[in-house]
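The following note sets out points for a colleague's consideration. It is arranged by topic and may be read alongside the coordinates.

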Amino acid sequence: MGKSLFEKVWEAHAVRELPNGQTQLLIGTHLIHEVTSPQAFGMLRERGLPVRFPDRTFATVDHIVPTNELQEPYSDPLAQAMIEELRKNCAENEVRFFDTTTGMQGIVHIVGPEQGITQPGTTIACGDSHTSTHGAFGAIAFGIGTSQVRDVLATQTMALNKLKVRRINVDGQLSPGVYAKDVILHIIRTLGVNGGTGFAYEYAGEVFDNFTMEERMTVCNMSIEGGARVGYVNPDETTFEYLKGRPYAPKGADWDAAVERWKSFASDPDCEYDDVVNIRAGDIAPTVTWGINPGQAIFIDQPIPEVAQGHTASERASIAEALEHMKFEGGTPIKGTKVDVAFLGSCTNGRLSDLKEVARYLEGRKVASGIKAICVPGSQAVARIAEELGLDKVFREAGFEWRGAGCSMCLAMNPDKLVGDQLCASSSNRNFKGRQGSVTGRTILMSPLMVAAAAVTGEVSDAREVFGILEPVGA
Amino acid sequence: MALEKIVQVSGRGVPVPGDDIDTDRIIPARFMKCVTFDGLGDYVFYDVRKNEDGTERRHPLNDERYAGATILISGNNFGCGSSREHAPQAISKAGFKAVVAQGFAEIFFGNSTQLGMPCVSVGSDELDTLREAVEADPQLEITIDLEKKEVHFGDRSVPCEIREGARQVLVNGKWDPIQDLLDAAPRVDAVAASLPYMSGR
């Protein structure tokens, strides 16, 4: 019987079985950032331990960096202290730091792939739950806590329980105006926010075969929102094409050998999965959240659920809590809901292709009056290329603020925050209460183009109607 | 450094009801602007405990009847969302020794175990029974028995689940794996040498 990519990568990196039945797993690539690493470096200092593989550790700063204030010292002294702490820890331990002055800084899950650090058949860990993003390359990538950051810094390994593997096939063709973001929101809505607990998700089928790397990253990124700590796509020519020539990708004869090796990690056709789910691409429409977790989602044309639609007492309580926070009435359309803020960015949708797709439709349009619209490129490299292409001008002329790279309003650890009960049309990944920096702030997750549609109309809208994206003839 | 063997955890409980309580709720992101975990206990569930002016809201964690509780009781998928260890650290530093819920998010569960804070799952009906018993008598002593995989309270006892690997590390006082991981350094080098990308190829 064949093996899945997950099993092959796991076996290649297994150091030993620990007495409690867990596996000590080698982590080939460790990505760190300013929020979850300082305590880990502190723990290392207390124990007098060095960083075991500094060459396999890469740092960037993303969560706390202001996106409209590029000079230090930052006006927030806590943010300044955090960047300085990371700088110090990296210098003392000879860890490569993609600092703000390098032109390579950005959100950790955007920097790893664009530098070619993220590679197929590897294990990756980072103190951030969206590390699942890197699975798009056929890597097994874990979001970890700070004590595990310590473990990886000190030993390059972690103690882990093996996950089960669920294959999710999405076959058929996506309709025009339906994006990778809609696919993952639909998967989470279908399988539940905890449906993936204990599983790695293997995404496959025609839709994933045809997806670009950036689309695959958007889906893998939100695996954790469905409870799956790990999500991945088998590596193929699209993967290799993306990686070729990137700074940390193998070169010359090493490249050819690497591609052969990477291919061998792909799941075997005859491997058995712990579970298989089939989804039809044609069933997916532009999707938006209406509640306070990413599973509380509907198609843009559907009504907001009513409390009575909950199957159990706890489901009814969850719907009621969500409606109360969102200030929505069950049974009413979500389309037409007034928004206050449009946020385009994040590790889910802050990549060049996201910005290009939006700019293509935004040209000649204006953000509705009274709407604050910000575009935050995911990395300095994304910003630089976008500026070379003139995308910044398109965004600025439309009325978007064009910002520096960072996590920004996805989690509001920098000055980009909602105020009061503002409603935000957001291309980010979490609509939790208070997530965007205001306790009463409200978030609706959606694809980047849906964010643009909300920005120009001032309300939750169907981007297909706003931008004249037509269904194919005969659909 | 020998770790405590966590076989039983006893104390009074406090119910924080609801499913899908996320780590942003447990510790809002703005409190993560810190380079140590010290003091995080003051901010646990901050935005549901406090109004924006700092006054207290109605919340079980503000309820005098539950003062001194050391076992947190919640719903399903507790700790979903971010991988921030700040969440279990805040719960632990607020004085909690264990969490009982219907289920836990994967990363939160692992982070908590590694801090020596057991997370045990009980069925939905049993959870209701436990919560109601605690609400009726906040002084009720609860004991989580990791050997028998049971939660005792008053004259009742309900089964609980915990992943076997986690249960073993807790009862054997091996919940912090660092020493075991360090001990295998030569084998780590051997596995790393077998992987071309680890040596820059």
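**Note on a buried threonine, the chain contact and the salt bridges**

1. A:Thr122 has a relative accessibility of 1% and therefore counts as buried, the limit being under 20%. The model under review is predicted, and the remarks below should be read accordingly. A:Thr122 sits in the loop that connects α4 (108-114) with β6 (123-126) of chain A.

2. The surroundings of A:Thr122 deserve inspection. A polar atom of the A:Thr122 side chain lies 2.6 Å from the backbone oxygen of A:Gln119. When neighbours within four places in sequence are set aside, the contacts of A:Thr122 are A:Val9, A:His13, A:Gly138, A:Ala139, A:Ile140 and, from the other chain, B:Tyr197.

3. How many residues does each chain bring to the contact between chain A and chain B? Chain A supplies 72 residues and chain B supplies 53 residues. The area buried between the two chains is about 5300 Å², and carbon and sulfur atoms give 58% of it.

4. Polar and charged pairing across this contact can be stated in counts. Between chain A and chain B there are 6 salt bridges. One salt bridge joins A:Arg52 to B:Asp189, with the closest N and O atoms 2.8 Å apart. Residue pairs in polar contact between chain A and chain B, both at pLDDT 80 or more, number 21. On the side of chain A that touches chain B, helix α5 (residues 146-155) of chain A provides the largest share, with 7 residues. The residues on that side of chain A comprise 27 nonpolar, 29 polar and 16 charged.

5. Over all chains, the count comes to 41 salt bridges. One of these pairs the side chains of A:Lys433 and A:Glu321, at 2.8 Å from N to O. The two partners belong to distant parts of the chain, 112 residues apart: A:Lys433 is in the loop between β18 (423-426) and β19 (442-445) of chain A, and A:Glu321 is in helix α11 (residues 313-326) of chain A. A:Lys433 is partly exposed, at 23% relative accessibility, and A:Glu321 is likewise partly exposed, with a relative accessible area of 25%.

6. In chain B, a salt bridge connects B:Asp47 with B:Arg30, the closest N and O atoms being 2.6 Å apart. B:Asp47 lies in helix α2 (residues 46-49) of chain B, whereas B:Arg30 lies in the loop between α1 (23-26) and α2, 17 residues apart. Are these partners buried or partly exposed? B:Asp47 has a relative accessible area of 13%, so this residue is buried; B:Arg30, at 36% relative accessibility, counts as partly exposed.

7. A further salt bridge of chain B is formed by the side chains of B:Glu106 and B:Arg163, at 3.2 Å from N to O. Here 57 residues separate the partners, with B:Glu106 in helix α4 (residues 106-114) of chain B and B:Arg163 in the loop between β7 (156-159) and α6 (164-171) of chain B. B:Glu106 is buried because its relative accessibility is 8%, while B:Arg163 is partly exposed, with a relative accessible area of 32%.

8. A last point concerns salt bridges that share partners. They join A:Arg45, A:Glu85, A:Lys88 and A:Glu92 into one network. As general background, side chains of opposite charge can pair when their charged atoms come close.

Terms used. Residues are numbered from 1 along each chain as its sequence is written. Chains are lettered from A and ligands numbered from 1 in the order in which they are written. This is a predicted model: local features need pLDDT of at least 70, side-chain atom pairs count only at pLDDT 80 or more; totals for chains, interfaces and linings use all residues. Side-chain values use heavy atoms; hydrogens and water are left out. Contact means heavy atoms within 4.5 Å. Buried area is the accessible area (1.4 Å probe) that two parts lose on being put together, summed over both. A salt bridge is a side-chain nitrogen of Lys or Arg within 4 Å of a carboxyl oxygen of Asp or Glu. A polar contact is a pair of N or O atoms within 3.5 Å; within protein, one must be able to donate a hydrogen and the other to accept it, and residues adjacent in sequence count only if both atoms are side-chain atoms. Helices (H or I, at least four residues) and strands (E, at least two) are DSSP runs, numbered from the N terminus. Ala, Val, Leu, Ile, Met, Phe, Trp, Tyr, Cys and Pro count as nonpolar, Asp, Glu, Lys and Arg as charged, and the others, Gly among them, as polar. Buried means under 20% relative accessible area, exposed over 50%, partly exposed in between (1.4 Å probe, protein chains only).
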